[in-house]
Amino acid sequence: MRKAILASVILGSMFSLAQAADVKINGDVGIRYDSDEVGSVTSERDRFRAKVQVSATLDEKTSAVVGLTTGTTKSTWSDMGGQNSYKNVDLNLAYVEYAAAPFAKVTLGKMNTPWASNALFFDTDIKPEGAAVALKSDKLGIFGSAFKLKLSEEATAGKDSDLTGAQVGIAKNVAGLDVAVRAALLNQDLKSGNVFVKNDLKLYGADVSKSLAGIPVKVYYEQAKNDKSRTLNKATAYGVTLGNANKAGKWEAGYIHQKVEANSVSTVWTDSDFADGNAGHDGYGIRGAYAVTNNWKVRASYYDTDVTAVHKVAYKRTLVDLVYTF
């Protein structure tokens, strides 16, 4: 409750400080049908979410963003029920962005993930905390970032859990195809119990986009390897998306496949919907969406994976969302 009050005070302060600035408010409200099938056990639940984000342009070089959402770290969706109890609302974004140069941007605070990835190795609901610098040259098509993120304060352990990393890439139009290629190094030092676990992740990705008969098509491939582990240290993902449900009457559909070995990517970051957030999985997903109006959208996802912890377990999940965006 105290977190919600503090977040509300911060949000109110944002309004007050930016009265004379260019302020934008956006967010969404949605309901979800969520069905899990783990082995022979099936469970169903109804869920909902609400998100609001305030963005303010403070001057020609500085902007700030504050956001509130329901849910938890890895999912913005909360379960209905609890005898109509109050639901958790927390601060999920709080950062300042400074344009240090036409090609450079500095971000400080609780931010969106400062590296690009199409794979579900990383859950987009996670908003890391720390500092990041982004570089981009539209003329050359080159982009990159460097970041240092705090995972936890470990005062009694003598050092903190954190992640440092960098990414470089290039995006070009080649023979009528929009092609992007990128590479990243993510060095994570995370306390697990009484020991620190190190992950040195090498992440490579590429995607190709083109409009065919007026329908946007995107294909991607991504792979990762944890050099701190000698075994079960690789992950691969690929997928295709058709269409874009960005306005009334538009649709999109996609297919994804991932094989993630148990010691490759960290479960601190893995997507909570696919394979229930576990590393050590192999499976596919089918997703689709249709924009009923410019604000109302229906989405559906089906994931079928084998999750390996001690034993291999079949994990299937069906999600159907109705979301209003403002």
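A salt bridge here is a side-chain nitrogen of Lys or Arg within 4 Å of a carboxyl oxygen of Asp or Glu. The model is predicted, so local features need pLDDT of at least 70, side-chain atom pairs count only at pLDDT 80 or more, and totals for chains, interfaces and linings use all residues. Residues are numbered from 1 along each chain as its sequence is written, and side-chain values use heavy atoms, with hydrogens and water left out.

## Salt bridges

The count comes to 22 salt bridges. A network of them links Arg-32, Asp-34, Asp-36, Arg-45, Arg-47, Asp-79, Asp-273, Arg-299, Arg-317 and Asp-321. Within that list, Asp-36 pairs with Arg-45. The table gives this pair and two others.

| Salt bridge | Closest N to O distance |
|---|---|
| Asp-36 and Arg-45 | 3.9 Å |
| Lys-136 and Asp-138 | 3.8 Å |
| Lys-202 and Asp-227 | 3.2 Å |

How open are these side chains? Burial is judged by relative accessible area: buried is under 20%, exposed is over 50%, and partly exposed lies in between (1.4 Å probe, protein chains only). Asp-36 is buried at 11%. Its partner Arg-45 is partly exposed, at 30%. Lys-136 has 54% relative accessible area and is therefore exposed. Asp-138 is exposed too, at 67%.

The bridge between Lys-202 and Asp-227 links distant parts of the chain. Lys-202 sits in strand β11 (residues 195–212). Asp-227 lies in the loop between β12 (215–226) and β13 (234–243), and the two residues are 25 residues apart. Strands (E, at least two residues) are DSSP runs, numbered from the N terminus. Both ends of this bridge are partly exposed: Lys-202 at 32% and Asp-227 at 37%.

## Two buried strand residues

Ser-35 belongs to strand β1 (residues 22–38). Its relative accessible area is 12%, so Ser-35 counts as buried. Contact means heavy atoms within 4.5 Å. Beyond neighbours within four places in sequence, Ser-35 touches Thr-42, Ser-43 and Glu-44, and also Lys-316, Arg-317 and Thr-318. Ser-35 and Leu-68 are 33 residues apart in sequence, and their C-alpha atoms are 26 Å apart.

Thr-69 is part of strand β3 (residues 62–70). At 6% relative accessibility, Thr-69 is buried. Which residues does Thr-69 contact, leaving aside neighbours within four places in sequence? They are Ala-50, Lys-51, Thr-76, Asn-88, Val-89, Asp-90 and Asn-92.

## Strands β14, β15 and β16

Two strands pair if DSSP finds at least two bridges between them. Strand β14 (residues 251–260) runs antiparallel to strand β15 (residues 281–291), and 10 bridges join them. Across this pairing, Lys-259 stands opposite Asp-282 in β15.

Strand β15 also pairs with strand β16 (residues 296–308). These two run antiparallel and are joined by 11 bridges. His-281 has Val-307 in β16 as its bridge partner. Four residues separate β15 and β16, which form a hairpin.

## Aromatic pairs

Rings of Phe, Tyr and Trp (its six-membered ring) pair if their centres lie within 6.5 Å; planes under 30 degrees apart count as stacked, over 60 as edge-to-face and the rest as tilted. The count is eight aromatic pairs. One of them joins Trp-115 and Phe-122 edge-to-face, at 5.3 Å centre to centre and 75° between the planes. Trp-115 is buried at 5%, and Phe-122 is buried at 8%. Ring pairs gather Trp-115, Phe-121, Phe-122, Phe-147 and Trp-269 into a cluster.

## The cavity

A cavity is a set of points, on a 1 Å grid over the protein atoms alone, where a 1.4 Å probe fits but cannot get out; lining residues have an atom within 4 Å of a point. Grid points are joined across faces, edges and corners, and a volume is the space filled by probe spheres set on the points.

How many cavities of 30 Å³ or more does the whole structure hold? The search finds one. The largest cavity has a volume of about 80 Å³. Its lining includes Phe-122 and Trp-269, both members of the ring cluster. The other lining residues are Leu-163, Leu-186, Gln-188, Asn-199, Leu-201, Ser-264, Val-265 and Ser-266. Strands β10 (177–192) and β11 each supply at least two residues of this lining.

Conventions: 1 Å grid on protein atoms, 1.4 Å probe; cavity = no way out; pocket = protein on both sides within 12 Å on 5 of 7 lines; lining within 4 Å.
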